[in-house]
Amino acid sequence: ETLDKGLEKSKTSFFDKLSKAVAGKNKVDDDVLDNLEEVLVSSDVGVNTTLKIIDRIEERVARDKYLGTDELNRILREEIAGLLSEIDAGNATEFEIPANKKPYVIMVVGVNGVGKTTTIGKLAYQFKKAGKNVVLGAADTFRAAAIDQLQIWADRTNVPIVKQSMGSDPASVAFDTLKSGVSNNADVIIIDTAGRLHNKINLMNELTKIKKVMQKVVPDAPHEVLLVLDGSTGQNAFEQAKHFTAATEVTSLAVTKLDGTAKGGVVIGISDQFQIPVKYIGVGEGIEDLQVFNKFEFVDSFFK
Ligand code: GDP
């Protein structure tokens, strides 16, 4: 029920818009489909994914000849759940890491302001609560504030942090962090990286270098490259996903600030368009306001 609460805005708005889209109609026709398209696009599902969903519903209308608007909810829900299920994130409900990967190294990427540091802090808290040894690495050395912010979260969660001074080599910080993590028996190592939007080649070079250096300590690191996106920024989030997936292999997504937006559809669109599973969602500023993304619960929360 916390998920429902966190997503209250998205849910109500989507539901309202959906009922307006079908008001006065008892069958799904071109009008209803046009309205539905608008609702999906305005909920930040994204144009490509919206068209995919509309196509699928059109197919069903063509096949079944008649589709009542009272059935539209159920069908829409099936189609969206179907889309999300094509991207396998497993179906974890807890903050878990694979038992056979120790230390488990998560490299976190994303632009400034999206909630990257907060997400790292929340993750550290959750893994620690689950009994894991966590170490943080402040490899965003570009801004002094980034290092300070991460230090605050390290203090708050009582988790060790490895850092150097501002302007130092991010790869060197990552290397030190993994060394320290290994010798201190860490279960999870979370590495923050610079969030400035540099050009693709620079970004690619920087992230590649960090990865290579980490692999000197843990050969299959990073086990996860987590891209943090602000769910309230719609098209910007799509652009950032494009940018980062072009620069490195992103393996999972965290979508933040879903509590403050009426546009939770971004979760569906980005995941579909980039074929990357959403692993976590942020639903508030507090330390506990991070949830493991469960696609079935998410879809349910929209259609209940
Ligand atoms: P960074 O620059 O990407 O590291 O961003 P920060 O972690 O510093 O977060 C930027 C702002 O967004 C802060 O005020 C956070 O409290 C806020 N924030 C982060 N995640 C969430 C979330 O899920 N919901 C809300 N409402 N605010 C968030």
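Two strands pair if DSSP finds at least two bridges between them. Helices (H or I, at least four residues) and strands (E, at least two) are DSSP runs, numbered from the N terminus. What you have open is a predicted model, where local features need pLDDT of at least 70, side-chain atom pairs count only at pLDDT 80 or more, and totals for chains, interfaces and linings use all residues. Residues are numbered from 1 along each chain as its sequence is written, and side-chain values use heavy atoms, with hydrogens and water left out.

**Stop 1: the sheet**

Start by selecting the strands. There are 8 of them in an open sheet of mixed pairing, ordered E3-E2-E4-E1-E5-E6-E7-E8. The edges belong to strand E3 (161-162) and strand E8 (290-292); each has a single partner strand, so one side of each is left without a neighbour in the sheet.

**Stop 2: strand E4 and its partners**

Now pick residues 188-193, which is E4. Strand E1 (residues 104-109) runs parallel to E4, joined to it by 5 bridges. To see one matched position, show Val 108, which stands opposite Asp 192 in E4. Strand E2 (residues 134-139) also pairs with E4 in the parallel sense, over 6 bridges. There, try Ala 139, whose bridge partner in E4 is Thr 193.

Is E4 enclosed or open? 6 of the 6 residues of E4 are buried (under 20% relative accessible area, with exposed meaning over 50%, partly exposed in between, using a 1.4 Å probe and protein chains only), so E4 is largely enclosed by the rest of the structure. In a regular strand the side chains alternate between the two faces of the sheet. Turn on side chains and you'll find Val 188, Ile 190 and Asp 192 pointing one way from E4, with Ile 189, Ile 191 and Thr 193 pointing the other way.

**Stop 3: strand E6**

Next, select strand E6 (252-256). E6 pairs with E5 in the parallel sense over 5 bridges, and Val 228 stands opposite Ala 254 in E6. E6 is mostly covered, with 5 of its 5 residues buried. Ser 252, Ala 254 and Thr 256 point one way from E6, while Leu 253 and Val 255 point the other way.

**Stop 4: helices on the sheet**

Add H10, residues 235-247. H10 packs on the sheet, touching E1 and strand E5 (224-230) (contact means heavy atoms within 4.5 Å). The direction of H10 makes about 155° with that of E5; axes are lines fitted to C-alpha atoms, for helices over the stretch in contact, and angles run from 0 to 180 degrees between N-to-C directions. Then add H11, residues 266-274, which lies across E5, E6 and strand E7 (278-282), running at about 160° to E6.

**Stop 5: H10 against H11**

Two packed helices are described by the angle between their axes and the distance between the axes. For H10 and H11 the angle is about 30° and the axes are 10 Å apart. They are therefore roughly parallel to each other (angles under 35 degrees count as roughly parallel, over 145 as roughly antiparallel, 65 to 115 as roughly perpendicular and the rest as oblique). H10 passes H11 in a right-handed crossing; a crossing is left-handed if the near helix is turned anticlockwise from the far one by less than a right angle, and right-handed if clockwise.

Which residues make the contact? From H10 come Ala 237, Phe 238, Ala 241, Lys 242 and Thr 245, and from H11 Val 266, Gly 269, Ile 270, Gln 273 and Phe 274.

Zoom in on Ala 237, which is buried, with a relative accessible area of 0%. Leaving aside its neighbours within four places in sequence, Ala 237 touches Leu 229, Asp 230, Val 266 and Ile 270. Draw a C-alpha to C-alpha distance from Ala 237 to Val 114: the two are 123 residues apart in sequence and 9.1 Å apart in space.

**Stop 6: H9 against H10**

Finally, bring in helix H9 (residues 200-215), whose axis comes within 8 Å of that of H10, crossing at roughly 55°. H9 and H10 are therefore oblique to each other, and H9 passes H10 in a right-handed crossing. At the meeting place, show Lys 200, Leu 203 and Met 204 in H9 with His 243, Phe 244, Ala 246 and Ala 247 in H10.

End on Asn 205, also in H9. Asn 205 is partly exposed, with a relative accessible area of 46%.
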